[in-house]
Amino acid sequence: MGKKVTVVGAGFYGSTTAQRLAEYDIFETVVLTDIVEGKPEGLALDMNQSRAIEGFETKVVGQTTGKGGEGYEAIAGSDVVVITAGLPRKPGMSRMDLLEVNAGIVRGVAENVAKHAPNAVIIVVSNPLDEMTALAQIATNFPKSRVLGQAGMLDTARFTNNVAETLNVPVSSVKTLTLGSHGDTMVPVPSRCTVDGKPLADLLPADKIEELVVRTRNGGAEVVALLKTGSAYYAPSAAAARMAKAVAEDSGAVMPVCAWVDGEFGISGVYLGVEAEIGAEGVKKVVETTLTDAELADLKTAAEAVRTKQADVANL
């Protein structure tokens, strides 16, 4: 025990992430912060009152923060910080529509994290994901391995669910993988997709697989369109919480995440969705997954698309 994790932003995403992290019962403390006065404190009180029922000891601490960084002292000594702060998408909005407004929010948060939790590993989930991950690293000046983004875990889970539902098989029998960016240049990796160890291509025709890929790429928008207000948070929070758990336990688990790529796959100097070994220092190493020529070409295309946008965030 003794580990401390902070979740910044107490909206649906942040509060659900905090709940999942508390229920793992591997942390001494989960800190939940928000700029809405009393909201994180109220949620923390509610979660703490569930401890006797769910049987976990982790203490949840709520803390309202101010525009000038007031309240951030509560996150001191955090091993992991999950940044969920920012506006969610509304129907018809792309992730990129959030760029400017969320850049200001994420920069402010990142600077306060650097000040109060200088040894933390940061997991970014604010949209647009790839750009906000790059911005958080610039704003904190942390080693690039200690700042990563949550994307591939979620996209892969959506792809897996789509395949399982289409074939009417258990989710546990399906393995899928998506790389690239969280959005239009997402790169599903059909060569790594199997059902009970059999290649997906043997079970579904190419056009049907492509349909599932498109549905995966638009997975967030599909949820947003149905909800009308707000965006997905159950699956995204599960992904962020598992990443935080891998950091806290120094597990070395291999997960698809948004990580700094420097030479792997012949790509350099960009945050990109790749598989990586996750541990106490964040990204231990990027895993160079075996890809087909077409998949590698798509990954390089995604890298260039993301690189252009990430260059812009330095000035936001």
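## K228, between helices 8 and 9

In this predicted model, K228 sits in the loop that links helix 8 (219-227) to helix 9 (234-248). Its phi is near 70°. That is a positive value, and K228 is not a glycine.

K228 has a relative accessible area of 55%. The cut-off for exposed is over 50%, so K228 counts as exposed.

## Around helix 5

Two loops flank helix 5 (129-140). The loop between strand 5 (121-124) and helix 5 holds P128. The peptide bond from N127 to P128 is cis. Its omega is near -5°.

N141 lies in the loop between helix 5 and strand 6 (147-149). Here phi is near 60°, again positive in a residue other than glycine. N141 counts as exposed because its relative accessibility is 64%, and the cut-off is over 50%.

## Strands 2 and 3

Strand 2 (residues 29-34) and strand 3 run parallel. Six bridges join them. One of the residues involved is D34, whose bridge partner in strand 3 is T64.

Strand 3 covers residues 59-64, and its side chains alternate. V60, G62 and T64 point to one face and are buried. K59, V61 and Q63 point to the other face and are not buried. T64 therefore appears in two roles: as the bridge partner of D34, and on the buried face of strand 3 under the cut-off of 20% relative accessible area.

Terms used
Residues numbered from 1 in each chain as written. Predicted model: local features only at pLDDT ≥ 70, side-chain atom pairs only at ≥ 80, totals over all residues. Heavy atoms only, no water. Helix = DSSP H or I, 4+ residues; strand = E, 2+ residues; numbered from the N terminus. Buried < 20%, exposed > 50% of the residue type's maximum accessible area, 1.4 Å probe, protein only. Pairing = 2+ DSSP bridges.
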